[in-house]
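The following paragraphs go through a structure, beginning with one pairing and widening from there. Please keep the sequence and the coordinates at hand.

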Amino acid sequence: MKRTLREVAAAAVLSLVIFIPAVITLRAQSVQGPDLIGALKKTPGVLGVEAGQMMSGKQVIFAWFENKDAVLKWYYSDAHQALMAQFGSSRRPQGPMADVPNDGRPILAIASVTVTGPPPTSAADLKSVPQIAIELYAPLPGGLAVGGRFAPSTVKVPGMVEVPAQARAAQ
């Protein structure tokens, strides 16, 4: 009996591990737009995109860009401009990313949103969104990756030590 319960529990956990990432990705897409992830991935200079849900309930999209020019390609893309128009986004007088140096370094954009009701479809629905943010980050030199990284391997990080999984297993 205990073995059967253990097997059922293991099957349930395995099902959740397989099913939850797909649900999170679909929910993040429905909150952010019909195919925001796909549009991001098609933008020239996008190195990778990940979506998920945090323990706090925030839904997030991580998008790695080759450099500032690539972020601006996304900013001015039809998909992003439509999203901004749909939600009545305000614009900076000095223009987007005015304070970000154009030094050729990669940029990580993190978009986070907390939704407390049905996913919004217009600016009038934003009452169900108590939090939304778009934050920009650049990698610092250093770090360690064993068997892979969270960031795509095309994101160049000076001083990053990358150890293949096979080398670790051989030790």
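Phe62 has Ile110, in β3, as its bridge partner. The model is a predicted one, in which local features need pLDDT of at least 70 and side-chain atom pairs count only at pLDDT 80 or more, while totals for chains, interfaces and linings use all residues. Residues are numbered from 1 along each chain as its sequence is written, and side-chain values use heavy atoms, with hydrogens and water left out.

The pair Phe62 and Ile110 belongs to the antiparallel pairing of β2 and β3, which are joined by seven bridges. Two strands are taken as paired if DSSP finds at least two bridges between them; strands (E, at least two residues) and helices (H or I, at least four) are DSSP runs numbered from the N terminus. β3 also pairs with β4 in the antiparallel sense, again over seven bridges, and there Ser112 has Ala133 of β4 as its partner. On the other side of β2 (residues 59-65), seven bridges connect it to β1, also antiparallel; Gly48 is matched with Trp64 of β2.

Together the four strands make an open antiparallel sheet in the order β1-β2-β3-β4. β1 (46-53) and β4 (131-137) are the edges: each has a single partner strand, so one side of each has no neighbour in the sheet.

How many residues of β3 are buried? Eight of the eight are, so the strand is largely enclosed by the rest of the structure. Buried means under 20% relative accessible area, exposed over 50% and partly exposed in between, with a 1.4 Å probe and protein chains only. In a regular strand the side chains alternate between the two faces of the sheet. Here Ile107, Ala109, Ala111 and Val113 point one way from β3, and Leu108, Ile110, Ser112 and Thr114 the other way.

The largest nonpolar core (buried Ala, Val, Leu, Ile, Met, Phe, Trp, Tyr and Cys residues joined through side-chain atoms within 4.5 Å) has 17 residues, and Leu36, Val49, Ile61 and Trp74 are among those with the most contacts inside it. At least two residues each come from α2 (36-42), β1, β2, α3 (68-75) and β3 (107-114). The largest share, four residues, is from α2. A second, separate core has eight residues, including Phe62 and Leu108.

Beyond its neighbours within four places in sequence, Trp74 is in contact (heavy atoms within 4.5 Å) with residues including Leu36, Leu40, Phe65 and His80. The backbone oxygen of Trp74 also lies 2.7 Å from a polar side-chain atom of Ser77. Ser77 sits in the loop between α3 and α4 (78-86), and its relative accessibility of 16% makes it count as buried.

Conventions:
Polar contact = N/O pair within 3.5 Å; in protein donor to acceptor, adjacent residues only side chain to side chain.
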